[in-house]
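I sat down with this model today and kept short notes as I went. Here is what I looked up, entry by entry.

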Amino acid sequence: MLLSIYHLTEYVYPDEARDSFNELWLYPVDDHRQGLLEFRLHIAPHTMPRSRQDYFHNRVYSFHVNHPHQQLRVEMQARVLTFTAPEPLPVPVQALSNLESRFFEFLAPTPRVPLHYNWLELLSLRRPHPHESLHAYLLEVTEHLYRSFRYDTTATQVDTPLIQFVEGRAGVCQDYAQAMLAVLRSVGIPARYVSGYLATGVGSQGSHAWVEAFVPGSGWYGYDPTNNSVITERYVKKAHGRDYDDCPPIKGLRRGGGKEHLQVLVRVEAV
């Protein structure tokens, strides 16, 4: 599927801001499941961004606006050709038993995905049997989380703790994804947070988030508990990490400016 993506992030400040340092995770991945055909980045006030690869091999752009300004506008345009990934091999859960050290980072707790709670009990989920299909269990968890929560953009904020989302039973794709990370890591399944876009479905109005779990013999495979779906050609991946903090669309610091007004606009269309 050929997808056209437009992503606008605009900050307006009541007072003059200066020394604005920012990092962007907006560059679509170019790999076996999707091909990046075009990428454009426009920043106003004008500045020259620099790119680098972060620890997780995501392409990150950074820039600095040092002169006074009352508006910061970041526009990204891209065209991506996506493909449907084949279904993972039917390997048993126990195939992961000797891989803990290799995937420690995606099994360990983080501030956003703590593991001192009994997530299985809180979410009424069972522990997988060693001999059952790993992919089948992952589909079961995906569907269970989809049915357990209500998608509500007003229920949580970007810094809402995971336990509050689980107890409140309502939130957004970021919350669904991090709940699934907590479950999978609790039972020894390596899992990572993915940031990207969705052409159609719940969460397509902005940046979307889902989970990739490691399936021996097939590699990292994507599951979206917000939509009860595996990752299809409707999805475009930008970056991955341990949780949201490793790959937000944009993060930064500035001096002055006062309380900003933020506007975000995302369009993903089949071409």
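**Entry 1: Phe149**

Where is Phe149 found? I traced the chain and found Phe149 in the loop between α2 and β6 (150–151). A reminder to myself before going on: this is a predicted model.

Next I asked whether Phe149 is buried or exposed. Its relative accessibility is 8%, and the limit for buried is under 20%, so Phe149 counts as buried. I then listed what Phe149 touches, leaving out residues up to four places away in sequence: Leu123, Phe165, Val166, Arg169, Ala170 and Tyr176. I also checked Pro225, which is 76 residues from Phe149 in sequence, while their C-alpha atoms are 9.6 Å apart in space.

**Entry 2: helix α2**

From Phe149 I stepped back to α2. This helix has 15 residues, and its first and last C-alpha atoms are 21 Å apart, close to the 21 Å expected at 1.5 Å a residue.

At the start of α2 I looked at Ser133. A side-chain oxygen of Ser133 comes to within 3.4 Å of the backbone nitrogen of His135.

Which residues of α2 are buried? I noted Leu134, His135, Tyr137, Leu138, Val141, Thr142 and Leu145. They span an arc of only 160° around the axis, so they sit on the same side of α2. The spacing made me recall a general point: an α-helix has 3.6 residues a turn, so residues three or four places apart point the same way.

I then looked for what covers these buried residues of α2, and the list includes α1, α4, β9, β10 and β11 (229–230).

**Entry 3: the largest nonpolar core**

The largest nonpolar core holds 46 residues. Which of them touch the most other members? I wrote down Leu134, Tyr137, Leu138, Val141, Val183, Leu184 and Ile189. The elements that each supply at least two residues of this core are α1 (119–122), α2 (134–148), α3 (162–168), α4 (173–186), β8 (191–198), β9 (208–215) and β10 (219–224). The most comes from α4, with nine residues.

I picked Tyr137 for a closer look. Setting aside neighbours within four places in sequence, I found Tyr137 in contact with Leu120, Arg126, Arg127, Pro128, Glu132, Val183, Leu184, Val187 and Ile189. Apart from this core lies another, of 23 residues, among them Leu3, Phe63, Val80 and Ile250.

**Entry 4: helix α4**

I went back to α4 to check its length. Its 14 residues should span 20 Å at 1.5 Å a residue, and its end C-alpha atoms are 20 Å apart, which agrees. How many residues of α4 are buried? I counted 13 of 14, and α4 is thus mostly covered. After α4 comes Gly188, with a positive phi near 85°.

**Entry 5: the five-stranded sheet**

I followed an open sheet of five strands and read its order as β11-β10-β9-β8-β12, with antiparallel pairing. Which are the edge strands? They are β11 and β12 (235–241), each of which pairs on one side only. Between β10 and β11, which run antiparallel, I found two bridges. Tyr223 has Val230 of β11 as its bridge partner.

**Entry 6: strand β1 and its partners**

Strand β1 (residues 2–24) took up a page of its own. I noted these antiparallel pairings:

- β1 pairs with β5 over twelve bridges, and Ile5 has Ala78 in β5 as its bridge partner.
- β1 pairs with β14 (residues 261–270) over ten bridges, and Glu10 is partnered by Gln263 in β14.
- β1 pairs with β13 (residues 250–256) over six bridges, and Glu23 stands opposite Lys251 in β13.
- β1 pairs with β4 (residues 59–65) over five bridges, and Glu23 has Ser62 in β4 as its bridge partner.

**Entry 7: Thr82**

I closed with Thr82, which lies in strand β5 (residues 69–82). Why does Thr82 count as buried? Its relative accessibility is 2%, and buried means under 20%, so Thr82 qualifies.

A polar atom of the Thr82 side chain lies 2.5 Å from the backbone oxygen of Glu233. Glu233 also appears in the contact list of Thr82, which, leaving aside neighbours within four places in sequence, runs Met1, Leu3, Arg33, Gln34, Glu233, Tyr235 and Val236.

Methods: Residues are numbered from 1 along each chain as its sequence is written. This is a predicted model: local features need pLDDT of at least 70, side-chain atom pairs count only at pLDDT 80 or more; totals for chains, interfaces and linings use all residues. Side-chain values use heavy atoms; hydrogens and water are left out. A nonpolar core is a set of buried Ala, Val, Leu, Ile, Met, Phe, Trp, Tyr and Cys residues joined through side-chain atoms within 4.5 Å. Buried means under 20% relative accessible area, exposed over 50%, partly exposed in between (1.4 Å probe, protein chains only). Helices (H or I, at least four residues) and strands (E, at least two) are DSSP runs, numbered from the N terminus. Contact means heavy atoms within 4.5 Å. The expected span of a helix is 1.5 Å times one less than its number of residues. The arc is that of the directions from the helix axis to the C-beta atoms. A polar contact is a pair of N or O atoms within 3.5 Å; within protein, one must be able to donate a hydrogen and the other to accept it, and residues adjacent in sequence count only if both atoms are side-chain atoms. Two strands pair if DSSP finds at least two bridges between them.
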